[in-house]
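Let's take a walk through this protein together, from its interior outwards. Keep the sequence and the 3D view side by side as you read.

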Amino acid sequence: MKRILSCMQPTNRLQLGNYLGALRNWVAMQDEDGGVNECLYGVVDLHAITVPHDKEALANATRETAAAYIAAGVDPKRSYIFAQSAVPAHAQLAWLFTATTPMGWLNRMTQFKEKAGKNKEKASVGLYSYPILMAADILIYKATHVPVGDDQKQHLELARDIAGSFNEKFNCGEEFFPLPEPVITGEATRVMSLRDGTQKMSKSAESDMTRINLTDDADTIAKKIKKAKSDPDALPSNEKECEGRPEADNLLGIYAALSDQTKEQVMNEFGGKQFSEFKPALADLAVEKLSPITNRMNELMADPAEIDAILRAGAEKANELAQPTCDEAAKLMGFWS
Ligand code: TYM
C-alpha cells in the first residue's frame with residue numbers, strides 16, 4: 001500500500017496548473033488499484049502566511065481550496081482532507097528539522113530566490129525555511145509518494161535529504177522516515193503563463209489574464225484563451241518544431257492534458273493548422289472539462305458548514321497519524337518524555 005500526501009497553499013484561487021500538474025493526479029492515485037492507497041491532502045495555511053496575507057480571507061481560502069479538491073474528485077470519505085494548522089505536529093516536527101538542517105541546503109533552493117526577488121532582507125524567515133516545513137508535512141505521515149507539479153521537484157529532493165540525514169544521525173535505520181518518491185506525471189507538469197510561455201502559470205501572478213482560475217466561468221475561460229499569446233506561424237507538427245515556440249508548446253500541452261492524449265497525438269491533429277482554428281477548440285475543451293468542477297465548487301461553497309465538517313474529520317485522522325511520529329522523532333533525538 002502506498003501512502004500518498006500532497007498539499008496546496010490557500011493563496012488566491014487555484015489555477016489550471018494546480019489542477020493539471022497536481023490535483024488530477026491526486027484523484028488518480030486515490031482511485032488507483034481499486035482505491036487501496038491511503039491518501040492525505042492538506043491545505044497548507046501555515047505556508048500561506050510566509051508572505052503578507054489577508055487575515056479576513058485566510059479561513060475562507062482554506063475552505064475554497066478544500067472545495068476545489070472535492071470538486072475535482074477527491075472523495076472525503078476515502079481521502080483525508082485537512083488544514084495544516086489543525087495538525088500541530090507539522091510545526092513541531094518542522095522545528096526539529098529546522099534546528100538540525102544546514103543553511104547550505106536551504107541556500108540552494110531556487111524558489112526562495114524567485115519569491116524573495118531583490119528584496120531578500122524583507123522576506124520572512126518563514127519564506128526561507130518554507131521547504132523544511134514542507135518536508136515535515138510529508139515525513140510526519142511517513143508518506144511514500146508525493147504527487148506534485150515540476151516546480152516542487154527541488155523541495156522534494158530536500159525532503160529526501162532531510163529524511164535520510166535524520167535516519168542516519170539518530171540511528172533509526174532506513175525505515176523510520178521512508179524517502180518519499182515524487183510523482184511528477186502527465187502532459188502538463190509545468191503549465192506556463194498564457195501571456196508569456198517562459199513564465200510558470202501562477203495563482204500569485206499580478207495579471208489575471210495569465211491564468212485560468214478554477215473559479216472562472218465559461219466566457220472568461222474562452223476570452224483568456226482567445227487572448228493567449230501565440231505566434232504568427234501554423235501550429236507545430238513535432239517536438240522539433242516546438243523549439244523556440246514556448247507559447248505554442250504550452251497550449252498544445254494544455255490541450256493534451258485536458259483531452260487525455262499525448263502532445264504528439266494533439267500535434268498529429270492540429271499540426272500545420274492556424275491558431276485561429278486551434279484556440280476555439282481549446283476553449284471548448286477547457287470549458288467542457290473545467291465547468292463541472294467550477295459548478296461543483298460553487299455548490300460546495302454555498303454550504304461552508306459541510307466543508308468545515310469535512311476539514312474537522314480530516315484533521316482528526318491526520319492528528320492520529322501525525323502526533324505519534326512526532327513524539328517518536330523527539331524521543332529519538334533524546335528529548336525528555
Ligand atoms: P502550490 O500551492 O504553489 O501549488 C500546488 C500544486 O500545484 C502545482 N503547480 C503546478 N503544476 C504545473 N504547472 C503549474 N503552473 C503549477 N503551479 C502549481 C505545484 O507543483 C503543487 O504540486 N510548496 C507547495 C505546497 C506544499 C506541499 C507540501 C506539496 C506544502 N507542503 C507537501 C506537497 C507536499 C506549493 O507551494 O504548492
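Which residues have the most contacts inside the largest nonpolar core? Please bear in mind that this is a predicted model. The core in question has 60 residues, and those with the most contacts inside it are Leu20, Leu23, Tyr69, Ile254, Leu258, Phe278 and Leu290. Helix H13 supplies the largest share of this core, 11 residues. Domain 1 (3-183 + 303-333) and domain 2 (208-299) both contribute residues, so the core lies between them. A second, separate core of 44 residues can also be found, with Leu40, Leu93, Val148 and Cys326 among its members.

That brings us to the domains themselves. The protein is divided into domain 1, made of 3-183 + 303-333, and domain 2, made of 208-299. Their C-alpha centres lie 30 Å apart. Where the two come into contact, 14 residues of domain 1 touch 14 residues of domain 2.

One good place to look at the packing is Leu23. Leaving aside neighbours within four places in sequence, Leu23 is in contact with Met8, Leu14, Asn18, Ala68, Tyr69, Ala72, Val74 and Leu214. Asn25 is found in helix H1. With a relative accessible area of 12%, Asn25 is buried, because the limit for that label is under 20%. Apart from neighbours within four places in sequence, Asn25 is in contact with Leu20, Pro147 and Thr185.

Now turn to helix H11, which holds residues 246-258. Do its residues sit mostly covered or mostly uncovered, and what lies over them? Helix H11 is mostly covered, with 11 of its 13 residues buried. The buried ones are Glu247, Ala248, Asn250, Leu251, Leu252, Gly253, Ile254, Tyr255, Ala256, Ala257 and Leu258. Two of these names, Ile254 and Leu258, already appeared among the residues with the most contacts in the largest core. The cover over the buried residues of H11 includes helix H1 (16-31), helix H10 (239-242), helix H12 (263-270) and helix H13 (275-301). The length of H11 can be checked too: at 1.5 Å a residue, its 13 residues should span 18 Å, and the end C-alpha atoms are indeed 18 Å apart. Just after H11, Asp260 takes a positive phi of about 55°.

Helix H8 (153-169) can be read in a similar way. At 1.5 Å a residue, its 17 residues should span 24 Å, which agrees with the 24 Å between its end C-alpha atoms. Its buried residues are His155, Leu156, Leu158, Ala159, Ile162, Ala163, Ser165, Phe166 and Asn167. Just after H8 comes Asn171, with a positive phi of about 50°, although Asn171 is not a glycine. Asn171 is found in the loop between helix H8 and strand S5 (181-183), and it is exposed, with a relative accessible area of 69%.

Lys142 also has a positive phi of about 50° without being a glycine. Its place is in the loop between helix H7 (125-139) and strand S4 (145-147). Lys142 is partly exposed, at a relative accessible area of 24%.

For a residue inside a strand, find Tyr41 in strand S2 (residues 38-43). Tyr41 counts as buried, at 0% relative accessibility. Not counting residues up to four places away in sequence, Tyr41 touches Ile4, Ser6, Trp26, Met29, Gln30, Tyr69, Val74, Ser79, Tyr80, Ile81 and Phe82. One of these, Trp26, offers its backbone oxygen, which the side chain of Tyr41 reaches at 2.8 Å. The C-alpha atoms of Tyr41 and Ala71 are 30 residues apart along the chain and separated by 14 Å.

Finally, let's visit the ligand. It is surrounded by 28 residues, of which the closest are Tyr130, Asp137, Gly149, Asp151 and Val191. An oxygen atom of the ligand is 2.5 Å from an N or O atom in the side chain of Tyr130. A ligand oxygen atom is also 2.9 Å from a polar backbone atom of Gly149. On the nitrogen side, a ligand nitrogen atom is 2.9 Å from a polar backbone atom of Met201.

Terms used:
Residues are numbered from 1 along each chain as its sequence is written. This is a predicted model: local features need pLDDT of at least 70, side-chain atom pairs count only at pLDDT 80 or more; totals for chains, interfaces and linings use all residues. Side-chain values use heavy atoms; hydrogens and water are left out. Helices (H or I, at least four residues) and strands (E, at least two) are DSSP runs, numbered from the N terminus. The expected span of a helix is 1.5 Å times one less than its number of residues. Buried means under 20% relative accessible area, exposed over 50%, partly exposed in between (1.4 Å probe, protein chains only). Contact means heavy atoms within 4.5 Å. A nonpolar core is a set of buried Ala, Val, Leu, Ile, Met, Phe, Trp, Tyr and Cys residues joined through side-chain atoms within 4.5 Å. Domain bounds come from an automatic or database domain assignment. A residue is near a molecule or strand if one of its heavy atoms lies within 4 Å of it. A polar contact is a pair of N or O atoms within 3.5 Å; within protein, one must be able to donate a hydrogen and the other to accept it, and residues adjacent in sequence count only if both atoms are side-chain atoms.
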